[in-house]
Amino acid sequence: MAVSLGTILRSSRPIGIRGTRLFTQAPKPHHIIRSFVTCLGSDSNGLILKSDAAGKSTEKRLSNLWLREVDIAPCHADDWKIARDIAPTTIQQHEERVDVTWSDSHESTYTWSWLRSTLHGSETKELNVLHEKLWNSAIASDPPRVPYDSVMDKGDIKGMAELTSKIREWGLCFVTGTPKTPEATEKLLEAIGPIRNTHYGGFYDFVPDLAKADTAYTNLALAAHTDTTYFTEPAGLQAFHMLSHTPPPNKTDEAAASLGGQSLLVDGFYAAHRLRKEFPDAYEVLRKARVPWHSSGNQGVAIAPDRAYPVIDASSKKVFRIRWNNDDRGVIPLHLDVNEWYLAASRWNSILRRKQNEYWFQLESGQVLIFDNWRVLHGRSAFEGLRRICGGYINRDDFISRWKASNFPSDEVIAANMQLR
């Protein structure tokens, strides 16, 4: 069901203002201390928003058509019926809002807080800001954890809010006290978002029997990597729950910890930070050079993304995604400086393999690991015996949706998604 912007803006948190008279004006209350003055004026060319904060004057012209249009978002069915020469007939300035009546008789309401945000572009709100906490091996002393029961409590969303926030901040979180069954694990993942179906299936529950042409289905060691590099949109979240680890027949009395199979995590964003600090030229090569990725090992499968992608997907200031799995990488195109790329990749790989950057731990039954596959690389040591692992992928958009919905009021989420705040 569509939600009008008027509803969103009316519910925004008010801030103190002092309006100046245009057509009509509410009485000035005397009990509020104001740190700035904001007013909305009008001339023949449209509306003018003015603010005087801490002695600094700011002015911006707002399009009549734009202001009228945003009040009917997000359902834009009537956009094209708005007259191009739409204009305000009355503007009433109140303590918390401005009411505008337009020449087509439509009435709109805008809060001062929202109007002021337009003075400085799209003012960044909390739910659009990533508060990433970079880490290295020291995270082993206190990794992020959330109890299963709190996450699955249908009467209280705080547990889900905590889980999704910790994944956003750290790139990973353990869900402790999870029932030691695939059914409970699957319900946990579905509580976050729909489990992604791929050529490997959806929710997985497997032992290392090479049922798929993938080294994950073996007992071999795996270097730190991200999964599904060959998809246009790689999997957002990935989860592992080790249900059991049975020793081989000749080691029936061995503890699972002595059988190997330790898990490895590396913070790809921290590794990118180190690469940029120590080898800025190498960082730029891996940020700009687009290389091919593919999955072609299974019968009837020949997957490749819509185009070549860099190892480090980043703007000049911020890293968004890491794409790194040497087993899934194609040949470096000759139009690139191949020697330069290999040198950069070698430096990147050496940073990933530094002991101080590797977080090693043992998966345990009853403890689900969920991590951000766009950020955290994972691997393992070789192991003996038979391990039963279950888990799955969740799309990035579904995860971010759950994080927003569990941590912020719905009106703020809608406004942010529409880029109105």
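This briefing walks through a four-strand sheet and two helices beside it. The model is predicted, so to speak, by a program: local features need pLDDT of at least 70, side-chain atom pairs count only at pLDDT 80 or more, and totals for chains, interfaces and linings use all residues. Residues are numbered from 1 along each chain as its sequence is written, and side-chain values use heavy atoms, leaving out hydrogens and water.

**Confidence**
- Mean pLDDT (the predictor's confidence in each residue, from 0 to 100) is 84 for the protein, and 82% of its residues reach 70 or more.
- Residues 1-36 stay under 50, and the model gives them 80 contacts (heavy atoms within 4.5 Å) beyond four places in sequence.

**The sheet**
- Four strands (DSSP runs of E, at least two residues, numbered from the N terminus) form an open sheet in the order S11-S18-S13-S16, and the pairing (at least two DSSP bridges between two strands) is antiparallel.
- S11 (222-225) and S16 (359-361) are the edge strands, each pairing on one side only.
- From one strand to the next, the twist averages 15 degrees (angles run from 0 to 180 degrees between N-to-C directions, with axes fitted to C-alpha atoms, for helices over the stretch in contact).
- S13 (residues 263-267) is joined to S16 by 3 bridges, and Leu265 has Tyr359 as its bridge partner in S16.

**The helices**
- Helix H7 (residues 268-278; helices are DSSP runs of H or I, at least four residues) packs on the sheet, touching S13 and S18 (376-380), and makes about 50 degrees with S13.
- H7 and H8 (residues 280-288) pack at about 130 degrees, their axes 5 Å apart.
- That angle makes H7 oblique to H8, as under 35 degrees is roughly parallel, over 145 roughly antiparallel, 65 to 115 roughly perpendicular and the rest oblique.
- Among the residues that meet are Ala272 and Leu275 in H7, and Tyr283 and Leu286 in H8.
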